[in-house]
Amino acid sequence: MSISRGISCGALVVFVAACGGSDAPKAEVTTQAPAATQAPAAVEVTAAPARAVLRNRSGSEVGTVNFRQEGNEVVVEINARNLEGGKRAIHIHDVGSCEAPFDSSGPHFNPGNTEHGLNNPAGPHAGDLPNMTVDPDDGIGRDVFRTSRVTLVPGQPNSLLDGDGTSIIIHAGTDDETSQPAGNAGDRIVCGVITAA
Ligand SMILES: [Cu+2]
Ligand SMILES: [Zn+2]
């Protein structure tokens, strides 16, 4: 009984003080080996991955975006095709809805009520991402971005999977990263609802 109790106390570092109780000296509990070796697992940010299937306004699939949590960052892995070459604005939008012409996705995901633009001192929105690059020869866009402004952990205000969901939009133009409200990025040409993978 005392062995299993010791293990459960060491498994979650945040519960060590509570588990210590009156029958165990605090110093002994906090310095025991199980607590020290298991602490990293207890504080690590973990969340299930997410995914969006990208479709253009005609409903044709033009790629996928994969999202995974790494520490306090979300890795955004874009694999898109059939796009016009050059720099294309790509953002996470506020609503998980992609009804062409994609106004249903709402404005940029902005739980912090900041301004738009990665180069705006009063910004950016949580959903702002750098422009993606599309190869002019084959129309393929592959980029990997990392952002700590959003999370896949449920229950957080900046979680991509909460409430009415979120979506990812590719625009016809390039985000100037300063203009309000959306970087003068042009039409919404591709959309994907972000869902648990
Ligand atoms: Cu956008
Ligand atoms: Zn924005």
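These exercises work through selected residues of a predicted model.

**Exercise 1. Confidence**

Determine where pLDDT stays under 50, and how many contacts beyond four places in sequence the model has there.

Solution. Start with the whole chain. Its average pLDDT is 85, and 78% of the residues score at least 70. Now go to the stretch in question. Over residues 1–36, pLDDT stays under 50. The model has 26 contacts beyond four places in sequence for these residues. Where pLDDT is low, the predicted coordinates should not be read in detail.

**Exercise 2. Asn158 and Ser148**

Place Asn158, then decide whether Asn158 is buried, partly exposed or exposed.

Solution. Locate the residue. Asn158 lies in the loop between β7 (141–147) and β8 (166–171). Count its neighbours next. There are 19 C-beta neighbours inside 10 Å. Burial needs 20 or more, and exposure needs 12 or fewer. Asn158 is therefore partly exposed. Finish with its contacts. Leaving out residues up to four places away in sequence, Asn158 touches Pro111, Ala126, Arg149, Val150 and Thr151.

Repeat the analysis for Ser148, and find its C-alpha separation from Asn158 and from Asn72.

Solution. Ser148 also belongs to the loop between β7 and β8. It has 12 other C-beta atoms within 10 Å, so Ser148 is exposed. From Ser148 to Asn158, 10 residues along the chain, the C-alpha separation is 9.7 Å. From Ser148 to Asn72, 76 residues apart in sequence, the C-alpha atoms are 5.8 Å apart. Ser148 touches Asn72 and Glu73, not counting residues up to four places away in sequence.

**Exercise 3. Cis peptide bonds**

State the geometry of the Gly123 to Pro124 and Gln180 to Pro181 peptide bonds, and place each proline.

Solution. Take Gly123 to Pro124. This bond is cis, with omega near -5 degrees. Pro124 sits in the loop between β5 (90–93) and β6 (132–134). Turn to Gln180 to Pro181. That bond is cis, with omega near 0 degrees. Pro181 is in the loop between β8 and β9 (188–196).

**Exercise 4. Positive phi**

Give the phi of Asn113 and Asn184, then assign the exposure of each.

Solution. Asn113 is not a glycine, yet its phi is positive, about 50 degrees. Asn113 lies in the loop between β5 and β6. With 7 other C-beta atoms within 10 Å, Asn113 is exposed. Asn184, not a glycine either, has a positive phi of about 55 degrees. Its place is in the loop between β8 and β9. Asn184 has 16 C-beta neighbours inside 10 Å, so Asn184 is partly exposed.

Methods
Residues numbered from 1 in each chain as written. Chains lettered and ligands numbered in written order. Predicted model: local features only at pLDDT ≥ 70, side-chain atom pairs only at ≥ 80, totals over all residues. pLDDT = per-residue confidence, 0-100. Contact = placed C-beta atoms within 7 Å. Helix = DSSP H or I, 4+ residues; strand = E, 2+ residues; numbered from the N terminus.
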